[in-house]
Amino acid sequence: MEREKNRRDLYYVDGSVVRRRESAEPERRIDPERAPRKKRKRSPQAITYPKAAVRAEKSLYFDKGYLAVLLIAALIMIASLGVMVFLQGRVDDQERNIRILQYELQELQADNTAYADSLESKYSLDHIYEVATKDLGMVYSQKGQIVYYDRANEDYVKQMRDVPEAK
């Protein structure tokens, strides 16, 4: 009991800090060879399953195999991260190229529409009729000049002889 009291007296609390008191008597050192060995308390599982206790104790430490698997997993993760970043960069580049090409396509379609509109407005049907009748000497067909043929095949018509004159 007195020994426990001495042990308590070695420490004192100063605020939230526990400090060790300097004692006048020298510290006793116990010789490890003379000291009685304390027996460790074992759990009931350790007593009944000694191999399981040894395995559980070994599992707390890193061994070379575990470290190798851990390193390989870390390398695979880092490599896959690098590949993912690289592929994401390529996807971003492709998306940027797609946007540029879509913009160019819109510009070309707008230009094409403008050219088509200018061509349609350049030549009217009246202008085409005037050129055909006055410059080229064409005339409208008269009644009876148009001859209709029955054809068996709808893909093409093969002319075997001259077209007869209208009666």
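Read from its beginning to its end, the protein chain follows the pattern α-β-β-α-α-α-α, and this order is that of a predicted model. In total the protein chain holds five helices and two strands.

Before turning to single residues, it helps to consider how the chain meets its surroundings. Of the 167 residues in the protein chain, buried residues make up 1%. The accessible surface of the protein chain amounts to about 18100 Å², and 56% of that surface belongs to carbon and sulfur atoms.

One part of this surface can be followed residue by residue, for Phe-62, Tyr-66, Leu-67, Leu-70 and Leu-71 make a nonpolar surface patch of about 530 Å². Among these residues, Tyr-66 is found in helix H4, and with a relative accessibility of 45% Tyr-66 counts as partly exposed, because that value lies between the 20% under which a residue is buried and the 50% over which a residue is exposed.

Helix H4, which covers residues 64–122, also carries a contact between charged side chains. A search of the whole structure finds one salt bridge, and the partners are Asp-93 and Arg-96, whose closest N and O atoms are 2.4 Å apart. This pair counts as a salt bridge because a side-chain nitrogen of Arg has to lie within 4 Å of a carboxyl oxygen of Asp, and the distance of 2.4 Å satisfies that limit. The placement of the two residues along the helix can be described as well: Asp-93 and Arg-96 are three residues apart in helix H4, so they are separated by about one helical turn. Asp-93 is partly exposed, with a relative accessible area of 35%, and Arg-96, at 43% relative accessibility, likewise counts as partly exposed.

Further along the chain, the aromatic rings deserve attention. The count comes to one aromatic pair. The rings of Tyr-129 and Tyr-140 have their centres 5.6 Å apart and their planes at 25°, so this pair is stacked, since planes under 30 degrees apart are counted in that way. The pair links distant parts of the chain, with Tyr-129 in helix H5 and Tyr-140 in the segment after H5, 11 residues apart.

The surroundings of these two tyrosines complete the picture. Tyr-129 counts as partly exposed at 42% relative accessibility, whereas Tyr-140, at 62% relative accessibility, counts as exposed. Helix H5 spans 125–135, and Tyr-140 lies in the segment that comes after this helix. If the neighbours within four places in sequence are left aside, Tyr-140 is in contact with Tyr-129 and Gln-145.

Technical notes. Residues are numbered from 1 along each chain as its sequence is written. This is a predicted model: local features need pLDDT of at least 70, side-chain atom pairs count only at pLDDT 80 or more; totals for chains, interfaces and linings use all residues. Side-chain values use heavy atoms; hydrogens and water are left out. Helices (H or I, at least four residues) and strands (E, at least two) are DSSP runs, numbered from the N terminus. Buried means under 20% relative accessible area, exposed over 50%, partly exposed in between (1.4 Å probe, protein chains only). Accessible areas come from the Shrake-Rupley method with a 1.4 Å probe; for residues, only the protein chains shown count as cover. Patches are made of residues with over 30% relative accessible area and no salt bridge: like charges are joined within 9 Å, nonpolar side chains (Val, Leu, Ile, Met, Phe, Trp, Tyr) within 5 Å. Contact means heavy atoms within 4.5 Å. Rings of Phe, Tyr and Trp (its six-membered ring) pair if their centres lie within 6.5 Å; planes under 30 degrees apart count as stacked, over 60 as edge-to-face and the rest as tilted.
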